[in-house]
Amino acid sequence: MDKDEGSESARKIPGPAAAIVRLLNSRAHGPDSRFPDTLRTPEAAGAVLRPFGQPDTEAPSAERIAEVRALRATLMDLVSAPDAAGQAAARAELTERASSVILRQDFSIPGQVHLRQVDGDPVVGGITLAVAELLTDGTFTRLRACANEICGHVFYDTTRSRTQRWHAYEPCGNRNNVAAYRARRKADPGPGAAGRRG
């Protein structure tokens, strides 16, 4: 997060985006995998999957968790693809993964069209619909992986310019900027550096 952005930015994140960010951050990541895979137990997975339709009263099955893990990996590929070719490959993979979910247009509400799932895992369907909503309204590109390579935490870029690089400035942005500054100083110590060393 940029220095000038506070907790107010969290209120700007749409519900589907917040749920997808939490899903993506449920994977093992961070220095020395500081954040373990939250989907590793049915209880923890249930909390992550609840916004997508996982019932409160039951834990997700092993089959559902496996399917969600595969979908999560594909979504991470889409978020972190470095170029257009990588994004195209990730979109093709997402299309294939989403083919297990069958949706139908529902015109029952006057003046509105809704997609209603008629087949496939309902939680995978919920994730698919959330991603489709973000892609359709152009906000999926606001999902970013932290530019600190050893972090990899996913965040929703709330900046107007869509140029946020770090999930949080203090642990990632500030450290990277200090490291870059020190590397520049070491490479080009500038005039008088030899005298200062002596």
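Two residues are said to be in contact here when heavy atoms of one lie within 4.5 Å of heavy atoms of the other. With that meaning in mind, one can look at I127, which touches I20, L23, L49, F52, V68, L71 and L75 when residues up to four places away in sequence are not counted. The structure in which these contacts occur is a predicted model.

**The chain as a whole**

The chain has seven helices and four strands, and from the N terminus on these elements follow the order α-α-α-α-β-β-α-β-β-α-α. Of its 198 residues, 34% count as buried. Among the contacts in the chain with a separation of 6 or more, 47% are accounted for by residues 24 or more positions apart.

**The largest nonpolar core**

The largest nonpolar core has 31 residues, and of these I20, F52 and I127 touch the most other members. At least two residues of this core are supplied by each of helix 1 (15–24), helix 2 (42–49), helix 3 (62–80), helix 4 (84–98), helix 5 (122–136) and strand 4 (154–156). Helix 3 gives the most to the core, with seven residues.

**Helix 5 and its two partners**

Which helices meet helix 5, and at what angles do their axes cross? The table sets out the two pairs.

| Pair | Closest approach of axes | Crossing angle |
|---|---|---|
| Helix 3 and helix 5 | within 9 Å | roughly 20° |
| Helix 1 and helix 5 | within 9 Å | roughly 120° |

An angle under 35 degrees counts as roughly parallel, and helix 3 and helix 5 are therefore roughly parallel to each other. Their crossing is right-handed. In this contact, helix 3 takes part through R64, E67, V68, L71 and L75, while helix 5 takes part through P122, V123, V124, I127, T128 and V131. Sorted by character, the residues of the contact of helix 3 with helix 5 comprise eight nonpolar, one polar and two charged.

For the other pair, the angle of roughly 120° falls outside the range of 65 to 115 that counts as roughly perpendicular and does not exceed 145, above which helices count as roughly antiparallel; helix 1 and helix 5 are therefore oblique to each other. Helix 1 passes helix 5 in a left-handed crossing. Here P16, A17, I20 and L23 of helix 1 meet I127, A130, V131, E133 and L134 of helix 5. The residues of the contact of helix 1 with helix 5 divide into eight nonpolar, no polar and one charged.

**The buried side of helix 1**

Which residues of helix 1 are buried, and what covers them? The buried residues of helix 1 are A17, A19, I20, V21, L23 and L24, and what covers them includes helix 2, helix 3, helix 5, strand 3 (143–145) and strand 4.

**A closer look at L75**

L75 lies in helix 3. Is L75 buried or exposed? Buried means under 20% relative accessible area, and because the relative accessibility of L75 is 1%, L75 counts as buried. Leaving aside its neighbours within four places in sequence, L75 is in contact with L23, L24, L94, I127 and V131. Of these partners, L23 and L24 are among the buried residues of helix 1, whereas I127 and V131 belong to the helix 5 side of the contact with helix 3. The C-alpha atoms of L75 and R91, which are 16 residues apart along the chain, are separated by 8.6 Å.

How values were computed. Residues are numbered from 1 along each chain as its sequence is written. This is a predicted model: local features need pLDDT of at least 70, side-chain atom pairs count only at pLDDT 80 or more; totals for chains, interfaces and linings use all residues. Side-chain values use heavy atoms; hydrogens and water are left out. A nonpolar core is a set of buried Ala, Val, Leu, Ile, Met, Phe, Trp, Tyr and Cys residues joined through side-chain atoms within 4.5 Å. Buried means under 20% relative accessible area, exposed over 50%, partly exposed in between (1.4 Å probe, protein chains only). Axes are lines fitted to C-alpha atoms, for helices over the stretch in contact, and angles run from 0 to 180 degrees between N-to-C directions. A crossing is left-handed if the near helix is turned anticlockwise from the far one by less than a right angle, and right-handed if clockwise. Ala, Val, Leu, Ile, Met, Phe, Trp, Tyr, Cys and Pro count as nonpolar, Asp, Glu, Lys and Arg as charged, and the others, Gly among them, as polar.
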